[in-house]
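Me: Please take a close look at one part of this model for me. I would like the nonpolar surface patch first, then the cysteines and the backbone oddities around it.

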Amino acid sequence: MRFDVLTLFPGIFEGYLAESLLKEAMDRGLIEVNLYNMRDWANDKHNTMDDRPFGGGPGMVLKVDRVVPCVEAVQSYAPRPGRVLMMTPQGRPLTQRIVEELAQEERLLLLCGRYEGFDQRVVDILQPDEISIGDYVLNGGEVAAAVIIDSVMRLIPGVLGDENSAVVDSFSSGNRLLEEDQYTRPREYRGLAVPEILLSGDHGLIEKWREANRLDKTFLRRPDLLDDEPSGY
């Protein structure tokens, strides 16, 4: 899987790309992440990427004549074009179903907005898949792009040490319940003990406990998941 990240602030990703599973996956050639500074496609001496909106209003807007050539150039850096994702609060809400859909792609271009967003003609010309990671305000699309990478890479074969981890996680395809409570050593800490049934060795009873725990937790914390139509997952 190849990720091409187009941003005004590539330095934001440096620490993220140098740690944990992502770095291991990159070192093993399972994932490729390339960072591109959109300012490299500015055509004036000040590397201007934004301008005031026509009609007035607060903030600045990213210019179409900078962003579109940038995306078109990056598309040409590989034999096959990638699917363009635009990180924007106006996009469709990210769900595990969408993550699974994106994981089927060979290449994703992640377009990170800033300021008041993109000139609408960027959308009109590029026809990106607009994605939102939630109903809140961020300073830019970089954090959202990292969320896309983090969620998609888990579904790439070989990335996780245990391939079943991605299957049983909350929100995975077919799984409409939150994950059950998990415990490890020590068996007791500050008066809180591990449920005895998990120590029983009876795998049938343990699985029944886990199923009940998942259902109880979902009912208490996310009852909306129980109301959703199965087709949504």
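Reply: Helices here are DSSP runs of H or I with at least four residues, numbered from the N terminus. By that naming, Val147 sits in helix α6, which covers residues 142–153. Keep in mind that this is a predicted model.

Start with the patch. Val147 belongs to a nonpolar patch on the surface, together with Tyr136, Leu138 and Val143. The four residues have about 330 Å² of accessible area together. How exposed is Val147? Its relative accessible area is 32%, so Val147 counts as partly exposed. Patch members need over 30% relative accessible area and no salt bridge. Val147, at 32%, is therefore over that cut-off.

Now the cysteines. A disulfide needs two cysteine sulfur atoms within 2.5 Å. By this rule the count is 0 disulfides. Why does Cys70 not form one? The closest cysteine sulfur to that of Cys70 is in Cys112, and it is 10 Å away, too far for a bond. Seen from the other side, the sulfur of Cys112 has its closest cysteine sulfur in Cys70, again at 10 Å and too far for a bond. Both sites are hidden. Cys70 has 0% relative accessibility and counts as buried. Cys112 also has 0% relative accessibility and is buried. The cut-off for buried is under 20% relative accessible area.

Next, the backbone. Two residues that are not glycine have a positive phi. One is Asn47, with a phi of about 55 degrees. Asn47 lies in the loop between β2 (32–37) and β3 (50–51). Its relative accessible area is 35%, so Asn47 is partly exposed. The other is Tyr115, with a phi of about 60 degrees. Tyr115 is in the loop between β6 (107–112) and α5 (120–126). At 39% relative accessibility, Tyr115 counts as partly exposed.

One peptide bond also deserves a check. The bond from Arg185 to Pro186 is cis, with omega near 5 degrees. Where does Pro186 sit? Pro186 is in the loop between α7 (164–168) and β8 (188–189).

To recap the patch and the cysteines: Val147 in helix α6 is one of four residues in the nonpolar surface patch. Cys70 is buried, Cys112 is buried, and the disulfide count is 0.

Definitions and conventions:
Residues numbered from 1 in each chain as written. Predicted model: local features only at pLDDT ≥ 70, side-chain atom pairs only at ≥ 80, totals over all residues. Heavy atoms only, no water. Buried < 20%, exposed > 50% of the residue type's maximum accessible area, 1.4 Å probe, protein only. Patch = residues over 30% accessible without salt bridge, like charges linked within 9 Å, V, L, I, M, F, W, Y side chains within 5 Å. Areas by Shrake-Rupley, 256 points an atom, 1.4 Å probe, with all protein chains shown as cover. Salt bridge = Lys/Arg side-chain N within 4 Å of Asp/Glu carboxyl O.
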